[in-house]
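The following exercises concern one protein chain and the metal ion bound to it. Please work through each task with the model in view before reading the solution.

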Amino acid sequence: MDQPDLHQAVSRLVGPGGPDVGCDACFDELDHYIELELAGADADAAVPGLRAHFEGCPACREEYESLRALVSGEQAP
Ligand SMILES: [Zn+2]
């Protein structure tokens with residue numbers, strides 16, 4: 001059986017040497033990142049690698065977008 005190495009495949013998608021934070025860290029930092037972003041702070045500088053992770057991870061990107069809509073929606077009628 002020649003099974004494809006999933007981790008290797010993901011690494012190839014993300015790119016070599018990229019500071020990928022990973023999904024667990026991404027979920028941990030997601031609310032913090034969105035708070036900073038909505039506050040007008042430099043979220044990318046505060047949580048480096050998160051934006052890059054969204055680019056390569058549709059699941060986290062979706063989570064980010066729905067959480068962001070939820071958080072920003074709380075402040076609007
Ligand atoms: Zn992810």
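**Exercise 1.** Locate Glu37 in the secondary structure, and determine which side chains form polar contacts with Glu37.

Solution. Step one: Glu37 lies in helix α2, residues 23-38; helices (H or I, at least four residues) and strands (E, at least two) are DSSP runs, numbered from the N terminus. The model is a predicted one, in which local features need pLDDT of at least 70, side-chain atom pairs count only at pLDDT 80 or more, and totals for chains, interfaces and linings use all residues. Residues are numbered from 1 along each chain as its sequence is written, and side-chain values use heavy atoms, with hydrogens and water left out.

Step two: the side chains of Glu37 and Arg51 are joined by a polar contact of 3.0 Å, and those of Glu37 and Arg68 by one of 2.6 Å. A polar contact is a pair of N or O atoms within 3.5 Å; within protein, one must be able to donate a hydrogen and the other to accept it, and residues adjacent in sequence count only if both atoms are side-chain atoms.

Step three: with residues up to four places away in sequence not counted, Glu37 touches Ala43, Arg51, Tyr64 and Arg68, where contact means heavy atoms within 4.5 Å.

**Exercise 2.** Describe the surroundings of Arg68, and decide whether Arg68 is buried, partly exposed or exposed.

Solution. Step one: Arg68 belongs to helix α5, residues 58-73. Step two: leaving aside neighbours within four places in sequence, Arg68 is in contact with Ile34, Glu37 and Leu38. Step three: a relative accessible area of 29% makes Arg68 partly exposed (buried is under 20%, exposed over 50%, partly exposed in between; 1.4 Å probe, protein chains only). Step four: Tyr33 is 35 residues from Arg68 along the chain, and their C-alpha atoms are separated by 9.6 Å.

**Exercise 3.** Identify the residues that coordinate the zinc ion, and explain why the arrangement is tetrahedral.

Solution. Step one: the donors are Cys23 (SG), His53 (NE2), Cys57 (SG) and Cys60 (SG), at 2.0 to 2.3 Å. Donors are N, O and S atoms within 2.8 Å of the metal (3.2 Å for Na, K and Ca); water is not among the atoms, so sites may look incomplete. Step two: the sequence spacing of the donor residues is C-x29-H-x3-C-x2-C. Step three: the arrangement is tetrahedral because the four donor atoms subtend angles of 104 to 115°, and four donors count as tetrahedral if all angles lie between 85 and 135 degrees. The ideal angle for four tetrahedral donors is 109.5 degrees.

Step four: His53 sits in helix α4, residues 50-56, and is buried, with a relative accessible area of 5%. Beyond neighbours within four places in sequence, the contacts of His53 include Cys23, Cys26 and Cys60.

**Exercise 4.** Explain why Cys26 and Cys60 are not bonded to each other.

Solution. Step one: the cysteine sulfur closest to that of Cys26 is in Cys60, at 3.6 Å, which is too far for a bond; a disulfide is a pair of cysteine sulfur atoms within 2.5 Å. Step two: the structure holds zero disulfides. Step three: Cys26 is buried, with a relative accessible area of 0%, and Cys60 is buried at 1%.

Conventions. Four donors count as tetrahedral if all angles lie between 85 and 135 degrees; four count as square planar and six as octahedral if opposite donors are over 155 degrees apart and all others between 65 and 115; anything else is irregular.
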